[in-house]
Amino acid sequence: MKKIQLIMGMPITIQIKDPQAKSSDFKAIFAFFRQIDRQFSPYKKSSEVSKINRKEIIPAQYSVEMHEILAMAEKTKRETRGYFDVYREGYLDPSGIVKGYAILKAVELLKSRGLTNFYIDAGGDVQVSGTNEGKKWRIGIRHPFEHEKTVKTLSVTTEGVATSGTYLRGEHIYDPTQKAKSIIDIVSMTVIGPTILQADLMATAAFAMGKKGIQFIEATSGLEGYMIDKDGVATFTTGLTTYA
Amino acid sequence: MKKIFLSLFVIITFLAYSIHQQSEAKEALTGVTNSHQVLPPHDPVVMIGQRGLYRDGTYLGSVEDVFYGNIQVQAIISGGRITDVIFLQHPSDRRTSIQINEVMMPILKSEAIQAQSAEVDIVSGATESSVGFKASLAKALAEAK
């Protein structure tokens with residue numbers, strides 16, 4: 001069974017291969033994602049994030065999830081030497097951590113409901129579990145310039161795969177604030193990690209590093225990466241062939 | 001040898017055409033200030049035979065919230081067809097100015113990407129942008145009808 005819903009402005013796809021999967025399993029996951037959106041969206045005035053930014057609540061009043069996310073954000077900031085930061089100009093925006101966190105929690109939720117063979121895909125960030133009818137899950141890396149196509153297949157059974165990128169060719173990007181600076185070095189950074197949360201955080205940080213990002217992934221144990229630059233040249237870590 | 005010249009000719013012609021298209025698009029952009037403002041066609045096109053789907057002009061799409069930021073596009077219609085789509089707003093991953101220390105690294109492998117025909121179960125890659133993009137473009141085109 002496979003179901004898709006649009007939440008947080010992105011399609012969330014759940015496919016469960018276990019025969020005992022019920023529609024209530026899907027409902028529970030989608031409800032969870034909507035709850036996360038209500039709690040963490042920086043664009044929703046009633047969210048916990050907005051309340052923090054308006055200084056309506058103090059740390060002692062933060063939810064358990066918020067404390068968890070802030071602790072993870074702090075750790076990631078250290079690991080990425082400042083490239084990953086949930087604070088911008090003094091305002092909290094944990095969007096870069098929330099998606100991976102939500103997918104990981106949703107996976108735990110499905111497992112606690114007795115399911116083992118499935119995947120959750122939130123806007124192109126994927127966590128798989130078990131197999132697809134005995135075979136490894138095949139994840140294609142989206143072609144950065146021809147969106148309906150893929151450029152590489154990664155075979156995984158327990159890992160998370162996240163891709164950070166613009167998916168827009170440099171010359172088509174028109175930024176009114178930086179007219180002269182329209183060419184971006186890299187267009188896509190895919191990271192495979194032990195969990196989708198780690199993969200997502202590291203893909204975001206590595207993308208921000210530009211071409212050096214792939215070396216950062218190479219140097220971090222447990223992670224593999226596939227980076228595509230604006231000229232359509234991919235550079236990948238030495239261990240990527242394990243999956244490709 | 002002839003083939004090479006022919007290919008070069010085709011490439012150069014195509015490039016010249018693209019540059020022409022781009023400069024037209026840029027000119028058409030100037031003067032747009034308000035949302036949904038319809039500009040007169042920059043270069044009046046006399047349509048012969050086939051009629052285009054849309055009215056010529058420059059149309060602004062809506063601002064779409066894609067959770068990570070906003071997306072807004074502008075569609076340029078010329079000769080009744082979409083000739084360019086420009087991103088006025090788009091989310092980009094956060095950047096900081098802190099530099100990562102240079103360290104000795106093994107030489108990483110690289111390859112030219114190629115669209116593959118292999119079947120996959122899932123696709124990894126930013127789709128939130130494309131969702132917002134489609135929504136914004138749809139609004140821009142609705143204006144152009």
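**Entry 1. Strands 7 and 8 of chain A**

I began with a single pairing: G140(A) stands opposite T153(A) in strand 8 of chain A. The model I am reading is a predicted one. I then followed the two strands and found that strand 7 (residues 137-142) of chain A pairs with strand 8 of chain A in the antiparallel sense, over six bridges. I looked up the burial of strand 8 (residues 150-156) of chain A as well: five of its seven residues are buried, so the strand is largely enclosed by the rest of the structure.

**Entry 2. Confidence**

I checked the scores before reading further. The predictor assigns the complex an ipTM of 0.87 and a pTM of 0.67. For chain A I noted an average pLDDT of 89, with 92% of the residues scoring at least 70. Residues 168-183 of chain A have a pLDDT below 50, and this stretch has 20 contacts in the model beyond near neighbours in sequence.

Chain B averages a pLDDT of 58, and 25% of its residues score at least 70. Where in chain B is confidence lowest, and where is it highest? I found the lowest mean, 48, in helix 1 (residues 2-29) of chain B, and the highest, 93, in strand 6 (residues 122-124) of chain B. Over residues 21-51 of chain B the pLDDT stays under 50, and the model has 38 contacts for them beyond four places in sequence. Residues 92-105 of chain B also have a pLDDT below 50, with 25 contacts in the model beyond near neighbours in sequence. I remind myself that predicted coordinates should not be read in detail where pLDDT is low.

**Entry 3. Contents of the two chains**

I recorded six helices and 12 strands in chain A. Of the 244 residues in chain A, 48% are buried. I took the contacts in chain A between residues at least 6 apart in sequence, and 52% of them join residues at least 24 apart.

Chain B has two helices and six strands, and along the sequence I read them as α-β-β-β-β-β-β-α. Buried residues account for 30% of the 145 residues in chain B. Of the contacts in chain B between residues at least 6 apart in sequence, 56% join residues at least 24 apart.

**Entry 4. Strands 10, 11 and 12 of chain A**

I turned to strand 11 (residues 224-229) of chain A, which is mostly covered, with five of its six residues buried. Which strands pair with strand 11 of chain A? Strand 10 (residues 186-193) of chain A does so in the antiparallel sense over six bridges. Strand 12 (residues 233-236) of chain A is joined to strand 11 by three bridges, and these two also run antiparallel.

I228(A) appears in both pairings: I228(A) is the bridge partner of S188(A), and I228(A) stands opposite A234(A) in strand 12 of chain A. I noted further that strands 11 and 12 of chain A form a hairpin with three residues between them. In the turn, G232(A) has a positive phi of about 80°.

**Entry 5. Helix 4 of chain A**

I looked up the span of helix 4 (residues 95-112) of chain A. Its 18 residues reach 26 Å from first C-alpha to last, close to the 26 Å expected at 1.5 Å a residue. The buried residues of helix 4 of chain A include S95(A), G96(A), Y101(A), A106(A) and L110(A). What do the buried residues of helix 4 of chain A pack against? I listed helix 1 (23-40), helix 3 (64-79), strand 5 (118-122), strand 6 (125-129), strand 9 (160-165) and helix 5 (196-208) of chain A. Just after helix 4 of chain A, G114(A) takes a positive phi of about 85°.

**Entry 6. Nonpolar cores**

The largest nonpolar core has 70 residues, and V191(A), M202(A) and A206(A) have the most contacts inside it. Helix 5 of chain A gives the most to this core, with 10 residues. The core draws at least three residues from each of domain 1 (1-128) and domain 2 (136-244) of chain A.

I followed M202(A) beyond its neighbours within four places in sequence, and its contacts are V191(A), G193(A), I217(A), T220(A) and L223(A). Apart from this core lies another, of six residues, among them Y59(B), L60(B), A75(B) and I76(B).

**Entry 7. S41(A)**

I closed with S41(A), placed in the loop between helix 1 and helix 2 (48-53) of chain A. Is S41(A) buried or exposed? S41(A) is buried, because 22 other C-beta atoms lie within 10 Å. I also noted that the C-alpha atoms of S41(A) and P94(A) are separated by 8.3 Å, although the two are 53 residues apart along the chain.

Definitions and conventions:
Residues numbered from 1 in each chain as written. Chains lettered and ligands numbered in written order. Predicted model: local features only at pLDDT ≥ 70, side-chain atom pairs only at ≥ 80, totals over all residues. Helix = DSSP H or I, 4+ residues; strand = E, 2+ residues; numbered from the N terminus. Expected span 1.5 Å × (residues − 1). Buried ≥ 20, exposed ≤ 12 C-beta atoms within 10 Å, placed from the backbone. Contact = placed C-beta atoms within 7 Å. Core = buried A, V, L, I, M, F, W, Y, C linked by C-beta atoms within 7 Å. Domains from an automatic or database assignment. Pairing = 2+ DSSP bridges. pLDDT = per-residue confidence, 0-100.
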